[in-house]
Amino acid sequence: MAGFDRRRFLKLTAGSAAAAGSLGWVGQAIAGGRIVPNEHDVLIVVDVQRCFIPGGSLAVEHGDEIVPLINRIATRFANVVLTQDWHTPDHVSFASQHPGKKPFETIHLSYGTQVLWPDHCVQGTEGAKFAPGLDIPKATLIIRKGYHPNVDSYSAFLEADKKTPTGLTGYLRERGMRRCFFAGLATDFCVAWSAMDARAAGFESYVIEDACRGINLGGTGLAEAWKEMTAKGVQRIQSDAIV
Ligand code: VGL
Ligand code: ZN
């Protein structure tokens, strides 16, 4: 596990590791189903913005319900990062930029398949603001993404070309982070891609399921995203595991 000092970890969690018994490495990290966030843990709150909640242009069903829960979870973490989808008005991911195409259809771009979306989260607009009630003054970094007109970025770490970094990996490494916990919108897009990229960067990665809501594209997108996340070593947890 890159950048992870196993001996130090075991010392810090000696009691809970013993209780976890044969659960193995991951079991030790969530011994007894309980997670006590420490100074090496970061909560990453993904795209909790007006466009993604009911009334917004790309509304995620029940997206507003997670706001109070995320505020509460954030009180348990010393380290919190927020992300904002932050597109140019002519962004390539907008169906409006592709004559004859409608939202939720797909096109092929140089970096792969791109889902086309309604215009959303345009830089500096109301819709790009954080959702009403999101209240996390302790957050130390806001990562904006998707600001290159010709490249989308679901992930908070890497743009959709899979090579342009946002800078978040370096920030988290320099600050000694080891485990990333994800909450926000949408489970099957920006949360999933971020959580998988966190693993790829060598962090442990946990998605707090009840603190997220999904788009569930085509009716199967959410289940597929969980399958892919699980295959890549992302842990699926509920907020009550965090104490
Ligand atoms: C997202 C679609 C397009 C997200 C962002 O935050 O999950 N989804 N842009
Ligand atoms: Zn977007």
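## Notebook: ligand 1 and the pockets

I began with the surroundings of ligand 1 in this predicted model, and I listed Asp47, Phe52, Leu58, Asp85, Trp117, His120, Tyr154, Leu185, Ala186, Phe189, Cys190 and Ile215 as the residues around ligand 1. Sorting this shell by class, I counted nine nonpolar residues, one polar residue and two charged ones.

Next I looked up where ligand 1 is placed, and I found that ligand 1 sits in the largest cavity.

I then went through polar contacts of ligand 1. For aspartate 47, I noted that an N or O atom of the side chain is 2.7 Å from an oxygen atom of ligand 1. For histidine 120, I noted a polar side-chain atom at 3.1 Å from a nitrogen atom of ligand 1. In alanine 186 the partner belongs to the backbone, where a polar atom is 2.9 Å from an oxygen atom of ligand 1. After these distances I checked the covered area, and I wrote down that ligand 1 exposes 260 Å² when taken alone and that the protein buries 100% of that.

Leaving the ligand, I turned to the open pockets. What is the volume of the largest pocket? I recorded a value of about 330 Å³ for the largest pocket, and I saw that 15 residues line this pocket, with Asp188, Trp193, Met196, Ala225 and Glu228 lying nearest its centre.

I also asked which helix supplies the largest share of this lining. That share is seven residues, and it comes from helix 6; helix 6, which covers 187-200, and helix 7, which covers 221-231, each supply at least two residues of the lining. By class, I entered eight nonpolar, six charged and one polar residue for the lining of the largest pocket.

My last entry concerns the second largest pocket, which holds about 160 Å³ of space. Its lining consists of Tyr111, Gly112, Thr113, Gln114, Val115, Asp152, Tyr154, Ala160, Lys162, Phe189 and Trp193. I noted that strand 4 (112-115) and helix 6 are the elements that give two or more residues to this lining, and that strand 4 gives the most, with four residues. Divided by class, the lining of the second largest pocket has six nonpolar, three polar and two charged residues.

Reading back over my lists, I found Tyr154 and Phe189 both around ligand 1 and in the lining of the second largest pocket. Trp193, in turn, is one of the residues nearest the centre of the largest pocket, and Trp193 also lines the second largest pocket.

Conventions. Residues are numbered from 1 along each chain as its sequence is written. Chains are lettered from A and ligands numbered from 1 in the order in which they are written. This is a predicted model: local features need pLDDT of at least 70, side-chain atom pairs count only at pLDDT 80 or more; totals for chains, interfaces and linings use all residues. Side-chain values use heavy atoms; hydrogens and water are left out. On a 1 Å grid over the protein atoms alone, a cavity is a set of points where a 1.4 Å probe fits but cannot get out, and a pocket is an open set with protein on both sides within 12 Å along at least five of seven lines; lining residues have an atom within 4 Å of a point. Grid points are joined across faces, edges and corners, and a volume is the space filled by probe spheres set on the points. Ala, Val, Leu, Ile, Met, Phe, Trp, Tyr, Cys and Pro count as nonpolar, Asp, Glu, Lys and Arg as charged, and the others, Gly among them, as polar. A residue is near a molecule or strand if one of its heavy atoms lies within 4 Å of it. A polar contact is a pair of N or O atoms within 3.5 Å; within protein, one must be able to donate a hydrogen and the other to accept it, and residues adjacent in sequence count only if both atoms are side-chain atoms. Accessible areas come from the Shrake-Rupley method with a 1.4 Å probe; for residues, only the protein chains shown count as cover. A molecule sits in a cavity or pocket if more than half of its atoms lie within 2 Å of its grid points.
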